[in-house]
Amino acid sequence: MITYDDEVVCAPRAGTLYDVLELILDRGMVIDVFVRVSLVGIEILKVDARIVVASVDTYLRFAEACNRLDLEHDVRSKTVPEMFGSPVAKTVGKAGARRTARSLTDKVRDVLAPEHDREEEAEEESEGRPRERAERGRSPQRPRGRTAARPRDDDDRPRSRPRRRTDEEDR
Amino acid sequence: MTAPATTGTAVDADAAAPARKALYVYGIAPAEVRTPRSPGVDGAPVRLLTESGLCAAVSDAPPRLRPRRRDLLAHQAVLDELAAQGPVLPMRFAVLSPRPDTLLAQLRSDCAHLTEQLDGVRGCVELNVKGTVVPGHFADLVRRDDKLRSLALRTRRRPDYEANVRLGEAIALGVRREARRAAREVVDQLAPLAVRTVRGTTDDEQVLSASFLLRSADETRFREAVAARARACGDRLTLSVTGPLPCYSFVDPRPAASAGR
């Protein structure tokens, strides 16, 4: 039932340079009579690679996903598979995890290899979105009362994201 | 047409310095190892300097050292090759010895301590386990947690930008807290399988980073244990295992300092 657990989330990732970066840079031996070259920019690189989750953008994504949950009646007695089985929750969880991971690796890739071309990133972005939209379109069990609230909700969101989405559609 | 230029630099390097050139140091191993074949930092060939039963893998230091992707990978590749042959004490990236004789003198004077450390990692590998937050169970969290649930309902009744940010922040916090709890459980379960365990720095996204020193024979068992934990907590934490690695985390960072200061 919870397929994404096994296939997407749990599959242990192969090690990338990012995964050993802190070991190569911060662990290992340094001998006093040797010189450690000071690496300009390395601190920035490490900090920069991390600032992803605690951002307003992430908060808004959580809020948006949360607003699509059915919270009107008490579902706390439901079993876990039932809850994750709902198409909305599943997509959000999946896309969210994947997107977060992607933004992280992309950032690292950018920093470590500035010559890397950005096309791939744009491609990945546009691949994720349409599915999410389709899912939202056909979600059947949304209570009546909330449809009224939706447009306002959309207005509250910052403009940049919806607009970028249309740009991608035009291409 | 570029051939003359290339030959030119090679000649320069030879002429510049049989004795005076700084060395980039990769690591220290017992004297009997084979010279690594992978190119070193800046593409320089790696060679071994031997003294007192120990040898250091070195290459000519590049004129300017930066943490470039290919140089970090070269450092790692040289050490991997040494580690495949037996114990090795990996240096941190960007450690230089000003002259070859400084390096040899260091091997001589610190021989006992270095040998002892080599024995400490003999037959062992380092595996690094990282865990990043996964928001897969956030729906469950919102439904179970009364505070989050009522905040969500309130936000839904009066949706605006501020309220959405507050709600999202509260959810993010809850998701992170759950991931941290899962991370603690993971370390508690894995540590008994390892000879030693060292924790690394964590942050809001990566809530687990720990290195485990394992006897090579236990590696498979350890990986199975990680996979089992990954299945158990996959909705809160993504686990990744990197390794086997040279034992970066299990060498005394400054052997000379402990003796000298």
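Which strand of chain B pairs with strand 6 (residues 124–133) of chain B, and over how many bridges? The close-ups below, drawn from a predicted model, begin with that pairing.

**View 1. Strand 6 and strand 8 of chain B, side by side.** Strand 6 (residues 124–133) pairs with strand 8 (residues 206–215) of chain B in the antiparallel sense, and nine bridges join them. To find your place in this ladder, look for B:Lys130, whose bridge partner in strand 8 of chain B is B:Ser209.

**View 2. The open sheet of chain B and the helix across it.** Here the view takes in four strands of chain B, which form an open sheet in the order 7-8-6-9 with antiparallel pairing. Strand 7 (196–199) and strand 9 (237–245) of chain B are the edge strands, each pairing on one side only. From one strand to the next, the twist averages 20 degrees. Helix 8 (residues 219–232) of chain B lies across strand 6, strand 8 and strand 9 of chain B, and runs at about 165 degrees to strand 9 of chain B.

**View 3. Helix 2 of chain B and what covers it.** Helix 2 (residues 69–83) of chain B has 15 residues and spans 21 Å from its first C-alpha to its last, close to the 21 Å expected at 1.5 Å a residue. Its buried residues include B:Leu72, B:His75, B:Gln76 and B:Leu79. The cover over the buried residues of this helix comes from both chains: it includes helix 2 (17–26) of chain A, along with strand 1 (23–30), strand 3 (54–60) and strand 4 (89–90) of chain B.

**View 4. A:Ile24 among residues of chain B.** Let's zoom in on A:Ile24, which sits in helix 2 of chain A. A:Ile24 counts as buried because it has 23 C-beta neighbours inside 10 Å, and the cut-off is 20 or more. Setting aside neighbours within four places in sequence, A:Ile24 is in contact with B:Leu72, B:His75, B:Gln76, B:Phe93 and B:Tyr248.

**View 5. A:Cys66 and the largest nonpolar core.** This core has 89 residues, and those with the most contacts inside it are A:Cys66, B:Val25, B:Val129, B:Ile171 and B:Leu237. Helix 7 (residues 161–190) of chain B gives the most to the core, with 10 residues. Domain 1 (19–122) and domain 2 (126–138 + 177–249) of chain B each supply at least three residues to this core. Apart from neighbours within four places in sequence, A:Cys66 is in contact with B:Val142, B:Ala152, B:Leu167 and B:Ile171.

Terms used: Residues are numbered from 1 along each chain as its sequence is written. Chains are lettered from A and ligands numbered from 1 in the order in which they are written. This is a predicted model: local features need pLDDT of at least 70, side-chain atom pairs count only at pLDDT 80 or more; totals for chains, interfaces and linings use all residues. Helices (H or I, at least four residues) and strands (E, at least two) are DSSP runs, numbered from the N terminus. The expected span of a helix is 1.5 Å times one less than its number of residues. A residue is buried if 20 or more other C-beta atoms lie within 10 Å of its own, exposed if 12 or fewer, and partly exposed in between; C-beta atoms are placed from the backbone. Two residues are in contact if their C-beta atoms, placed from the backbone, lie within 7 Å. A nonpolar core is a set of buried Ala, Val, Leu, Ile, Met, Phe, Trp, Tyr and Cys residues joined through C-beta atoms within 7 Å. Domain bounds come from an automatic or database domain assignment. Two strands pair if DSSP finds at least two bridges between them. Axes are lines fitted to C-alpha atoms, for helices over the stretch in contact, and angles run from 0 to 180 degrees between N-to-C directions.
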